[in-house]
Amino acid sequence: MQQIINFVIRNKNFLLYLFLLFIALGFTVQSHSYHQSRFFNSSNWITGSVYETFNGFSTYFGLSEENAKLVEENKRLRKLLFNGQKETLSSLDSTQLIYTITTGQVVKNSYAEPRNYITINRGIKDSVFPDMGVITEKGILGIVENTSGSYASVQSILNEKSRINAKLKNTEHFGSLVWDTQRYNVVQLVDIPRLVPLTVGDTIVTGGMSSIFPGNIPIGTIQKFDLDTANSLYSIDVRLFNDMTNIKNVYIIDNNDRKEILELEAATVNEQ
Amino acid sequence: MNNNYFVNIIRFVLLILVQVLVFNRLNFFGFINPMVYILFLYWFPIKENRAAFIGLSFLLGLFIDLFSDTMAIHAASTVTIAYIRPAIMRFVFGVNIEFQSFRLSNTTRAQQFTFLALLIIVHHAVFFTLEIFSFANILLILKKVVAIGAASIILCLLFNSLFSAKKE
């Protein structure tokens with residue numbers, strides 16, 4: 001017994017080191033699986049408020065550019081509104097709508113790591129919950145992974161864990177959008193069969209099959225494609241419409257039918 | 001003594017803020033984000049309690065992790081260099097560190113540089129191995145360790161010469 005105690009006292013620094021290292025590795029391994037990174041994300045109030053405070057200063061430098069972007073988007077939406085059918089206005093009854101939109105601002109962005117997360121200044125208080133889609137005026141950005149009172153951390157599409165349903169705009173063939181962690185303006189579309197006709201410059205949009213994003217949200221254009229002859233599937237490089245390095249205003253999409261869709265899907269799987 | 005604690009607390013907070021608000025957003029050449037918070041371990045007094053030093057380093061890493069959404073890999077790599085710091089010092093400064101009068105500012109430039117460089121290289125090697133977590137990408141790991149390590153060393157040297165000159 002005496003020897004054991006002596007051993008512990010003699011090696012207390014080493015044991016402390018091992019203990020702390022295992023804690024750190026434990027947290028790391030645990031958060032590799034989806035939805036487990038609950039404590040280690042920048043959506044908690046300490047980091048959220050620090051980022052928001054300092055973001056307040058830097059926001060001023062980009063105000064005119066941001067305004068130009070928003071006016072441009074308003075112009076596009078007005079054009080749609082004036083040229084569309086008249087019934088769109090009368091159907092804006094909020095109980096009938098499938099999707100509700102919340103606006104928010106990015107307080108922390110990253111794009112240089114293999115797993116990038118974006119923090120936005122909307123949280124549970126603004127009814128933002130995990131698994132909501134986040135887009136900008138140009139295209140998709142990611143999916144909400146964790147929320148706190150007034151902040152949410154968004155798993156960016158520039159994240160090796162990200163997998164988003166996407167399709168070709170003109171042929172409706174769908175695949176999965178992934179990222180190979182190499183370049184911040186290029187993502188990969190996989191699982192497109194070889195019989196699909198492709199050309200460089202084709203537009204890729206969201207597929208609308210995931211209950212997170214509505215269909216036809218722009219993503220990017222085809223930059224390059226290779227045929228994997230072993231599997232007869234294409235691997236496609238998609239250049240993003242979004243400049244992932246310069247994002248300020250975002251829209252958070254909530255699908256009001258999501259619960260119903262998930263219940264139906266779960267029930268169907270159970271019956272089999 | 002009291003003054004010493006105070007200085008270390010200020011350093012702790014300022015280095016975290018500088019790291020997450022400035023250097024984590026640098027993205028030089030698209031991927032180079034130097035890690036200047038390692039200076040905390042470089043500057044930390046040698047004769048302080050070693051267990052407290054390891055604990056503090058863990059906390060430092062953990063705070064950086066919270067801000068940069070990197071799970072706990074900053075904490076793991078920082079606690080590693082905190083643990084092996086005495087070994088590195090013995091390697092670089094030899095028996096000199098046993099003397100009561102030993103001070104970092106009394107050593108030669110080359111020794112200071114080697115000490116800092118070894119801290120940074122070990123830290124970055126552990127960090128990027130954990131971040132990428134596959135030996136298939138060993139070239140990518142090496143590339144990141146060399147490129148980001150060089151950037152970290154240059155910036156840490158600059159900070160070191162800026163902020164520790166008046167100790168002489």
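**Exercise 1. Which strand does A:Ser176 lie in, and is A:Ser176 buried or exposed?**

Before you start, keep in mind that this is a predicted model.

- Step 1: Find the strand. A:Ser176 belongs to strand S7 of chain A, which covers residues 174-178.
- Step 2: Check the accessibility. The relative accessibility of A:Ser176 is 16%, and the cut-off for buried is under 20%, so A:Ser176 counts as buried.
- Step 3: Look at who surrounds the residue. Setting aside neighbours within four places in sequence, A:Ser176 makes contact with A:Arg163, A:Ile164, A:Gln188, A:Leu189, A:Val190 and A:Asp191.

**Exercise 2. Now do a similar job on A:Asn6: which helix holds it, and why does A:Asn6 count as partly exposed?**

- Step 1: A:Asn6 sits in helix H1 of chain A, residues 2-10.
- Step 2: Its relative accessibility comes out at 37%. Buried would need under 20% and exposed over 50%, so A:Asn6 lands in the partly exposed class.
- Step 3: Try a distance while you're here. From A:Asn6 to A:Asn216 you count 210 residues along the sequence, and the C-alpha atoms are 68 Å apart in space.

**Exercise 3. Trace the barrel in chain A, then work out how S5(A) fits into it.**

- Step 1: Go round the barrel. Six strands of chain A close it, in the order S1-S2-S5-S4-S3-S12, with antiparallel pairing. From one strand to the next, the twist averages 45°.
- Step 2: Take the S4 side of S5(A). Strand S4 (residues 140-147) and strand S5 (residues 152-159) of chain A run antiparallel and are joined by five bridges. A hairpin of four residues links S4(A) to S5(A).
- Step 3: Pick out individual partners. A:Val144 is bridged to A:Val154 in S5(A), while A:Thr147 has A:Ala152 as its partner.
- Step 4: Switch to the S2 side. Strand S2 (residues 115-120) of chain A is also antiparallel to S5(A), again through five bridges. Here A:Ile120 stands opposite A:Ala152.
- Step 5: Ask how covered the strand is. Eight of the eight residues in S5(A) are buried.

**Exercise 4. At what angle do H3(A) and H3(B) pack, and which residues make the contact?**

- Step 1: Get the geometry. The two helices pack at about 65°, and their axes are 9 Å apart.
- Step 2: Classify the angle. The roughly perpendicular class runs from 65 to 115 degrees, so H3(A) and H3(B) are roughly perpendicular to each other.
- Step 3: Add the handedness. H3(A) passes H3(B) in a right-handed crossing.
- Step 4: List the contact residues. H3(A) brings A:Thr47, A:Val50 and A:Tyr51, and H3(B) brings B:Leu66, B:Phe67 and B:Ser68.

**Exercise 5. Which residues touch the most other members of the largest nonpolar core, and which helix gives the largest share?**

- Step 1: Name the hubs. This core has 62 residues, and B:Leu39, B:Tyr42, B:Phe93 and B:Phe115 touch the most other members.
- Step 2: See where the core comes from. Helices that each supply at least two of its residues include H2 (12-32) and H3 (45-59) of chain A, as well as H1 (2-21) and H6 (138-163) of chain B. The largest share, ten residues, is from H4(B).
- Step 3: Zoom in on one hub. Leaving out neighbours within four places in sequence, B:Phe115 is in contact with B:Tyr42, B:Arg85, B:Ile88, B:Met89, B:Val92, B:Phe93 and B:Leu104.
- Step 4: Don't miss the other core. It lies apart from this one and has 42 residues, among them A:Ala166, A:Leu177, A:Ile192 and A:Val238.

Notes
Residues numbered from 1 in each chain as written. Chains lettered and ligands numbered in written order. Predicted model: local features only at pLDDT ≥ 70, side-chain atom pairs only at ≥ 80, totals over all residues. Heavy atoms only, no water. Core = buried A, V, L, I, M, F, W, Y, C linked by side-chain atoms within 4.5 Å. Buried < 20%, exposed > 50% of the residue type's maximum accessible area, 1.4 Å probe, protein only. Contact = heavy atoms within 4.5 Å. Pairing = 2+ DSSP bridges. Axes fitted to C-alpha atoms, helices over the stretch in contact; angles between N-to-C directions. Parallel < 35°, antiparallel > 145°, perpendicular 65-115°, else oblique. Left-handed = near helix turned anticlockwise from the far one by under 90°.
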